[in-house]
Amino acid sequence: MKRILAATACAAAIGFGSALAGDWSEDQTAVWDTIKQSWKDEAAENGKWPAQYVHDDVVSWGADWPMPRGKDSMLKWSRFFNSSNEFLEYELMPAKIIVAGDTAVAHYAVVSVTEDHEQDRSRNSEGLIEVLVRDGGDWKFLSLTSFDMDDD
C-alpha cells in the first residue's frame with residue numbers, strides 16, 4: 001500500500017510540476033535552475049556541491065541523519081559519499097516553488113540510483129523541502145530536509 005501511495009504521489013508531482021513550470025515566475029525558474037544545477041554538480045562529483053550552493057548558516061536534516069547538521073558536516077560527508085559511491089541516474093520532479101521576497105521554498109521529489117564501493121546498486125525515492133535565500137545575485141540553500149518515500 002505504501003508503495004502505491006508513493007507511486008501516486010510521484011505521478012501527481014510529475015503532472016503538477018510539469019503544468020506548473022509553464023506558469024513560473026522568473027524567480028521560481030531561477031530557484032529551480034539552481035536546484036537542478038546543484039544535482040548535476042553533485043552527480044558529477046566535481047566538488048561544487050555543496051560548497052558553492054549552500055549558505056554559510058545552512059541547516060540540513062534528512063531521513064538518514066540523527067540530528068540537524070551545518071555546512072562543515074555537509075562538506076565532509078559529501079566528500080566521503082563521493083569517494084565511496086557513484087550516482088548512476090536521478091530524476092527530479094518539481095511540485096511547488098513559493099517565492100516571497102528573497103526567500104524561496106521548494107517542494108519536489110527525486111528518484112535516484114547509486115552504486116556503492118561493493119558495486120551494489122540501490123534505488124531511492126525521496127521528497128524534499130528546501131529553503132533558499134537570495135545571496136547577492138545567486139540563490140543559496142539555507143535549509144534542507146527530506147523524507148523517504150520508499151517501501152519499508
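**Close-up views of the predicted model**

**View 1. P94 counts as buried, since its relative accessibility is 14%, under the 20% cut-off.** The model shown here, as in every view below, is a predicted one. P94 sits in strand β2. Look across from P94 to A109: these two are 15 residues apart in sequence, and their C-alpha atoms are 6.5 Å apart in space.

**View 2. The whole chain, for orientation.** Three helices and five strands make up the protein, and reading along the sequence gives the pattern α-α-β-α-β-β-β-β. Of its 152 residues, 39% count as buried. Take the contacts between residues at least 6 apart in sequence: 56% of them join residues at least 24 apart. As for confidence, pLDDT averages 86 over the protein, and 84% of the residues score at least 70. Residues 1-16 are the stretch to treat with care, as pLDDT stays under 50 there. For that stretch the model has 14 contacts beyond four places in sequence.

**View 3. The largest nonpolar core, with 22 residues.** Start with V31, I35, W39, Y108 and F141, the members that touch the most other members of this core. Two or more core residues come from each of α2 (26-44), β1 (54-61), β2 (85-100), β3 (103-116), β4 (121-135) and β5 (138-148). Nonpolar side chains tend to be buried together in soluble globular proteins. V31 makes a handy centre for the view: leaving out residues up to four places away in sequence, V31 touches I97, V99, A104, A106, L132 and W139.

**View 4. Helix α2, from end to end.** This helix has 19 residues, and the distance from its first C-alpha to its last is 27 Å. That is close to the 27 Å expected at 1.5 Å a residue. Which residues of α2 are buried? They are Q28, V31, W32, T34, I35, S38, W39, D41 and E42, so nonpolar V31, I35 and W39 share the list with charged D41 and E42 under the 20% cut-off. Just after α2 comes E45, with a positive phi of about 55°.

**View 5. The loop between α2 and β1, home to E45 and P50.** Two backbone details are worth a look here. E45 is not a glycine, yet its phi is positive, at about 55°. Its relative accessibility is 29%, so E45 counts as partly exposed. Further along, the peptide bond that joins W49 and P50 is cis, with omega at about -5°. Most residues other than glycine have a negative phi, and most peptide bonds are trans.

**View 6. Q119, in the loop between β3 and β4.** Here is another positive phi: Q119 has one of about 65°, although it is not a glycine. Is Q119 buried or exposed? With 62% relative accessibility, Q119 counts as exposed, because the cut-off for that label is over 50%.

**View 7. E115 and its neighbours in space.** E115 belongs to strand β3. Its relative accessible area is 17%, so E115 is buried. N85 is 30 residues away along the chain, but the C-alpha atoms of E115 and N85 are separated by 5.5 Å. Not counting residues up to four places away in sequence, E115 touches S84, N85, E86, L88, D120 and R121. With R121 there is also a side-chain link: a polar contact of 3.2 Å joins E115 and R121.

**View 8. Aromatic pairs, with W24 and W32 up front.** How many aromatic pairs does a search of the whole structure find? The search finds eight. W24 and W32 form an edge-to-face pair, 6.0 Å centre to centre with 65° between the planes. Both rings belong to buried residues: W24 has a relative accessible area of 13%, and W32 has a relative accessibility of 8%. Compare the rings of W49 and Y53, whose centres are 6.0 Å apart and whose planes are at 40°, so this pair is tilted. W49 and Y53 are buried too. Finally, W24, W32 and Y108 form one aromatic cluster, and Y108 is one of the residues that touch the most other members of the largest nonpolar core.

How values were computed. Residues numbered from 1 in each chain as written. Predicted model: local features only at pLDDT ≥ 70, side-chain atom pairs only at ≥ 80, totals over all residues. Heavy atoms only, no water. Core = buried A, V, L, I, M, F, W, Y, C linked by side-chain atoms within 4.5 Å. Buried < 20%, exposed > 50% of the residue type's maximum accessible area, 1.4 Å probe, protein only. Helix = DSSP H or I, 4+ residues; strand = E, 2+ residues; numbered from the N terminus. Contact = heavy atoms within 4.5 Å. Expected span 1.5 Å × (residues − 1). pLDDT = per-residue confidence, 0-100. Polar contact = N/O pair within 3.5 Å; in protein donor to acceptor, adjacent residues only side chain to side chain. Phe/Tyr/Trp six-rings, centres within 6.5 Å; stacked < 30°, edge-to-face > 60°.
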